[in-house]
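Here are a few exercises to work through with the model open beside you. Try each task before reading its solution.

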Amino acid sequence: MGAGDLANETATCHLQYLDNRIPVVVVSGWDPGPCEGCGGQQGGGGAGTCNCCQGGRRAPSSSSGDAPPPLNGHLPPPPPPPPSQLIKVVMLGAAGVGKTSIIQQFVYNEFPSQYQPTTARNNHWPSVLVNDRAYQLCIADLPPIRAFPQDSFSEWADYRSYGLRSAMAYVFVFDLTCYDSFTHIKALRDQVYDSRDMREVGVVVVGNKRDKLEATQNREKRELMREMREVPAVVRKQWKAAYVEVSAKCNWHVVAAFRELLLAVEEAQSHTHARPHNLQELHQAIEHSRCTIL
Ligand SMILES: Nc1nc2c(ncn2[C@@H]2O[C@H](COP(=O)(O)OP(=O)(O)OP(=O)(O)O)[C@@H](O)[C@H]2O)c(=O)[nH]1
Ligand SMILES: [Mg+2]
């Protein structure tokens, strides 16, 4: 396989750094197709090779390094990837605020040139490394929803297969140049919190189109700034959620938004693990924290 092939096959794999300190590896999933060596299904994990056969176009060169030579064209299967946690993420927000653009920029480093409203659920599966922990994300890009389903029945009736109520993380997206889009996520957020136990769920609020805000004219901008002034404080202090302003168009702070999301998930999970889950754990917790007066 030539260097050009490698470049093509790893084109969707990129390494990004935050603050020059924390690496975030984003590896977008792709379908490697059948192996040209044996016709079998190629293994996942991004190696681009079939599990049983190293022949064919995608097989890496074995002429250098300490790798043992192939036995009759067969090699042992590659070691399994390190365990990563599956996090189901749902993007919520009004139409046109940039949900799809944010996902496309994060997962594929692309910004869609034309607006195509999302009409059905699309899942994206990036692998992400934050603070040395690996996550397999399943990011659901959904059409805008009118209201968050208040129970499983309404979810089944109105938004079947959207996975709205089983998400482990929510990204609430609004447009920094449109205050109504913030009102929209405010209503959605209230509905989510009214109908789910959110202690185990990570949340980040994302103000998108920062570049557009910069470009707006002075008088219009002043008006917008006045409307939006309270937003960061409301989100951080009242909602107790992370708040990030991004520009999907310029790929500005997009990675930071997902990093904040995963840190929020981590924090939520650490609280969950500390909480007793059943009667026995509750008794143990009481036992350990018992104050004995002699
Ligand atoms: N200037 C600017 N435009 C953006 C940005 N992000 C998205 N857009 C534009 O906003 C429009 C809507 O973007 P989408 O990503 O499709 O929005 P969406 O929220 O997925 O829309 P629906 O699928 O209809 O819910 C497109 O024309 C994008 O080019 C941004 O950061 N800056
Ligand atoms: Mg969309």
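**Exercise 1: two loop residues**

Ser161 counts as exposed, with 10 C-beta neighbours inside 10 Å (exposed means 12 or fewer other C-beta atoms within 10 Å of its own, buried 20 or more, partly exposed in between, with C-beta atoms placed from the backbone). This is a predicted model, where local features need pLDDT of at least 70, side-chain atom pairs count only at pLDDT 80 or more, and totals for chains, interfaces and linings use all residues. Residues are numbered from 1 along each chain as its sequence is written, while chains are lettered from A and ligands numbered from 1 in the order in which they are written.

Task: find where Ser161 sits and what its phi is.

Solution. Step one: look in the loop between α3 (152–158) and β7 (169–175) (helices are DSSP runs of H or I, at least four residues, and strands runs of E, at least two, numbered from the N terminus). Step two: read phi, which for Ser161 is near 70°, a positive value in a residue other than glycine. Most residues other than glycine have a negative phi.

Task: do the same for Asp132, and say whether Asp132 is buried or exposed.

Solution. Step one: go to the loop between β5 (127–130) and β6 (133–141). Step two: phi of Asp132 is near 65°, again positive. Step three: count 7 other C-beta atoms within 10 Å, so Asp132 is exposed.

**Exercise 2: contacts of Val204**

Task: leaving aside neighbours within four places in sequence, list what Val204 is in contact with.

Solution. Look for C-beta atoms, placed from the backbone, within 7 Å. You should get Val171, Ala241, Ala242, Val244, Ala257, Glu260, Leu261 and Ala264.

Terms used:
Contact = placed C-beta atoms within 7 Å.
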